[in-house]
Amino acid sequence: MRIAQVLYSLDMGGQEMMALHLTQELLRRRHEVTVVSMTPDGSLRGDFAPAAVVDALRKPSSGIDPKAWPTMFRALRRIRPDVVHTHAPGPLLYGVPAARLAGVRRVVHTSHGANVTQLGPRSIALGRVVAQLLTRFGPVSDE
């Protein structure tokens, strides 16, 4: 199975470590995994890169960037995943619509915490709409 994991960055953090461990396990099970990072570089890039292709989309650090949707769409069309797995609000907002437009049938999202409070009202409203496009939604804790 071809799986694309979409992360905001490859910097050290809980969601990045979870995605790294998940990637390693999926590769061990002989799946093809591509990690798509919305920002370039990051301290974990080398940990992902030996086993999975990493695409950096170079999204600016704040605000909604309309140019990021077509860039994400083109990346997912090139990868042709069977499943797209997004992590955190930014990847949800950009990865899910792009995946659906690219014809991906299974799109899942993992919510890693209460970081939604960092988003503005427009991003929260957009996130609610985009969440309707998911196949599955999974939190990492009861909260």
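User: How many bridges join S1 to S2?
Analyst: This is a predicted model. In it, S1 and S2 run parallel. One bridge pairs Ile3 with Val33 in S2. The number of bridges joining the two strands is six.

User: How many of the six residues of S1 are buried?
Analyst: Buried here means under 20% relative accessible area. S1 is mostly covered by that cut-off. The count of its buried residues is five.

User: In what order do the elements of the chain run from the N terminus?
Analyst: The chain has five helices and six strands. A strand opens the series and a helix follows. The full order is β-α-β-α-β-α-β-α-β-α-β.

User: What share of the contacts with a separation of 6 or more comes from residues 24 or more positions apart?
Analyst: Contact means heavy atoms within 4.5 Å. One pair of residues 95 positions apart along the chain, Thr110 and Gln15, has its C-alpha atoms separated by 8.9 Å. For the chain, the share is 67%.

User: What percentage of the 143 residues is buried, and what part of the exposed area do carbon and sulfur atoms supply?
Analyst: Buried residues make up 43% of the chain. The chain exposes about 8000 Å². Of that area, carbon and sulfur atoms supply 53%.

User: Which element gives the largest share of the largest nonpolar core?
Analyst: This core has 22 residues, and Met72, Leu76, Val84 and Val107 have the most contacts inside it. S1 (2-7), H3 (68-79) and H4 (89-101) each give two or more residues. The largest share is six residues, and the element is H4.

User: Which residues does Leu76 touch, leaving out those up to four places away in sequence?
Analyst: Leu76 ranks among the core residues with the most contacts inside it. Its partners are Ala4, Pro81, Val84, Gly95, Ala98, Ala99 and Ala102.

User: How many residues does the second core have?
Analyst: This core is separate. Leu10, Leu20, Phe48 and Ala52 are included in it. Its size is nine residues.

User: How far does H1 reach from its first C-alpha to its last?
Analyst: H1 covers residues 14-28, which makes 15 residues. At 1.5 Å a residue, 21 Å is expected. The computed reach is close to that, at 21 Å.

User: Why do the buried residues of H1 lie on the same side, and what arc do they cover?
Analyst: The buried residues are Gln15, Glu16, Ala19, Leu20, Thr23 and Leu26. An α-helix has 3.6 residues a turn, so residues three or four places apart point the same way. The buried set is on the same side of H1 because it covers an arc of only 140°.

User: Which exposed residues sit on the face of H1 turned away from its buried side?
Analyst: The cover over the buried residues of H1 includes S1, S2 (32-37), H2 (45-48) and S4 (83-87). The face turned away from the buried side carries Gly14 and Arg28.

User: Is Gln15 buried or exposed?
Analyst: Gln15 is placed in helix H1. Beyond four places in sequence, Gln15 touches Leu7, His87, Ala88 and His112. Its relative accessibility is 16%, so Gln15 counts as buried.

User: What phi does Arg30 take?
Analyst: Arg30 is in the loop between H1 and S2. At 76% relative accessibility, Arg30 counts as exposed. Most residues other than glycine have a negative phi. Arg30 takes a positive value, near 70°.

User: Is Ala88 buried or exposed?
Analyst: Ala88 is found in the loop between S4 and H4. Its phi is positive, near 85°. With 6% relative accessibility, Ala88 counts as buried.

User: Which residues is Thr110 in contact with, leaving aside neighbours within four places in sequence?
Analyst: Thr110 is in strand S5 (residues 106-111). Its relative accessible area is 9%, so Thr110 is buried. Its contacts are Met18, His85, Thr86, His87, Ala88, Gly138 and Val140.

User: What separates the C-alpha atoms of Gly46 and Leu10?
Analyst: Gly46 is in helix H2. At 49% relative accessibility, Gly46 counts as partly exposed. Gly46 and Leu10 are 36 residues apart along the chain. Their C-alpha atoms are separated by 9.3 Å.

How values were computed. Residues are numbered from 1 along each chain as its sequence is written. This is a predicted model: local features need pLDDT of at least 70, side-chain atom pairs count only at pLDDT 80 or more; totals for chains, interfaces and linings use all residues. Side-chain values use heavy atoms; hydrogens and water are left out. Helices (H or I, at least four residues) and strands (E, at least two) are DSSP runs, numbered from the N terminus. Buried means under 20% relative accessible area, exposed over 50%, partly exposed in between (1.4 Å probe, protein chains only). Accessible areas come from the Shrake-Rupley method with a 1.4 Å probe; for residues, only the protein chains shown count as cover. A nonpolar core is a set of buried Ala, Val, Leu, Ile, Met, Phe, Trp, Tyr and Cys residues joined through side-chain atoms within 4.5 Å. The expected span of a helix is 1.5 Å times one less than its number of residues. The arc is that of the directions from the helix axis to the C-beta atoms. Two strands pair if DSSP finds at least two bridges between them.
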